[in-house]
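Hi,

Here is the structure I promised to pass on. Have a look at it first, and my notes follow underneath.

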Amino acid sequence: MRKLKYIGLAVFFLLSCNYCVSQTEYKELRERMVEDQIIARGISDSRVIKAMKKVERHLFVPESARRYAYRDGPLSIGEGQTISQPYIVACMTESLELKPGMKVLEIGTGSGYQAAILAEIVAEVYTVEIVEKLGERAKKLLVSLGYKNVHVKIGDGYEGWIEHAPYDAVIVTCAPNNIPGPLKEQLAEGGRMIIPVGGRGIQYLILNRKKNGKIRQENILPVMFVPMVNEKGERY
Ligand code: SAH
């Protein structure tokens with residue numbers, strides 16, 4: 001009986017120790033990711049760097065893919081969708097020139113990772129996801145991580161989220177063929193929107209700036225995102 005108790009204790013310590021080691025490993029992997037993939041490639045906004053160092057990306061990917069969470073690439077999150085490459089998340093976030101008091105709209109919640117990065121920097125994040133299962137999962141995870149400033153809605157993000165407009169910044173993480181009109185309208189004067197635009201072949205990340213009611217566009221990078229679709233699954 002006593003022997004059993006000792007074996008039990010040994011197993012318990014072994015397991016909890018394993019847990020400690022992996023937590024430390026994740027932290028190291030995350031720091032290396034930020035150094036090698038983010039800072040080394042020219043991202044310099046200290047708010048973006050701090051957020052990417054803090055948010056535990058491995059919690060946003062399926063358990064079987066956790067050890068790959070800090071790799072230099074996108075990852076599958078189920079339902080045929082992906083979480084973007086860390087550098088793309090950093091690059092898009094930096095392009096918005098976010099400040100602490102801002103209100104941001106995200107289209108394509110996916111895993112909730114990009115929303116968590118935004119929530120570390122700005123006051124309020126409104127995010128819309130069309131796949132119910134993904135939206136509900138992200139909502140639960142973000143609540144469990146203590147984010148009170150992220151609001152998730154299940155719906156078609158082509159329409160934006162009119163009730164909370166205008167937004168200081170808009171970030172779209174699925175690609176339509178053209179920039180949705182409602183998103184342009186819901187962007188505040190002086191605001192910025194970053195969005196991948198294009199079909200199956202080539203897409204470009206486009207930065208839009210609204211000045212005197214007009215939108216000026218700038219091509220940033222060629223990218224590959226999942227398509228923006230409507231509720232029937234048809235591409236926009
Ligand atoms: N930002 C996410 C990555 C999203 S992948 C993250 O950090 O994990 C793109 C997401 O856009 C997918 O989850 C997809 O379901 C969603 N999507 C596609 N069309 C959409 C639409 N019309 N409205 C809202 N979400 C959409």
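**What I found**

Let me start with helix α4, where Y113, Q114, A115, A116, I117, L118, A119 and I121 are buried. That makes eight of the nine residues in α4, so the helix is mostly covered, buried here meaning under 20% relative accessible area. Before you read on, keep in mind that this is a predicted model.

**The ligand**

You will probably go straight for the ligand, so here is what I have on that. The space it takes up is the largest pocket. Four elements give two or more residues each to the shell around the ligand: β2 (81-83), β3 (103-107), α4 (113-121) and β4 (124-129). So the covered helix from above turns up again here, as α4 is one of those contributors. The top contributor is β2, which puts three residues into the shell.

Which residues come nearest to the ligand? Out of 26 around it, they are S111, E129, D156, G157 and V229. By type, the shell residues split into 12 nonpolar, 11 polar and three charged.

Some of those nearest residues also have short polar distances to the ligand that you may want to check in your viewer. With S111, the pair involves the side chain: one of its N or O atoms is 2.6 Å from an oxygen atom of the ligand. With G157 the backbone is involved instead, a polar atom there being 2.8 Å from a ligand nitrogen. V229 also uses a polar backbone atom, and that one is 2.7 Å from a nitrogen atom of the ligand. As for how much of the ligand is covered, it exposes 590 Å² when taken alone, and the protein buries 99% of that.

**Backbone oddities**

A few backbone spots deserve a look before you set anything up. The peptide bond running from A165 to P166 is cis, with omega near 0°. You will find P166 in the loop between β5 (150-154) and β6 (167-172).

Then there are two glutamates with positive phi, although neither is a glycine. E79 has a phi of about 55°, and its place is the loop between β1 (75-78) and β2. For E97 the value is about 50°, and this residue is found in the loop between α3 (86-95) and β3. Are these two buried or exposed? Partly exposed, in both cases: E79 has a relative accessibility of 40%, and E97 has 42%. Both values count as partly exposed because that class runs between the 20% and 50% limits.

**Two pairs across the chain**

Last, a couple of residues that sit far from their partners in sequence. I171 belongs to strand β6 and has 0% relative accessibility, so it counts as buried. Its C-alpha atom is 9.3 Å from that of T127, with the two positions 44 residues apart in sequence numbering.

K53 is another one to pick out, this time in helix α2 (residues 46-54). Its relative accessible area is 33%, so K53 is partly exposed. K53 and K27 are 26 residues apart along the chain, and their C-alpha atoms are separated by 8.3 Å.

That is what I have; shout if anything looks odd on your side.

Cheers

Terms used: Residues numbered from 1 in each chain as written. Predicted model: local features only at pLDDT ≥ 70, side-chain atom pairs only at ≥ 80, totals over all residues. Heavy atoms only, no water. Near = heavy atom within 4 Å. Polar contact = N/O pair within 3.5 Å; in protein donor to acceptor, adjacent residues only side chain to side chain. Areas by Shrake-Rupley, 256 points an atom, 1.4 Å probe, with all protein chains shown as cover. 1 Å grid on protein atoms, 1.4 Å probe; cavity = no way out; pocket = protein on both sides within 12 Å on 5 of 7 lines; lining within 4 Å. Sits in = over half its atoms within 2 Å of the grid points. Nonpolar A, V, L, I, M, F, W, Y, C, P; charged D, E, K, R; others polar. Buried < 20%, exposed > 50% of the residue type's maximum accessible area, 1.4 Å probe, protein only.
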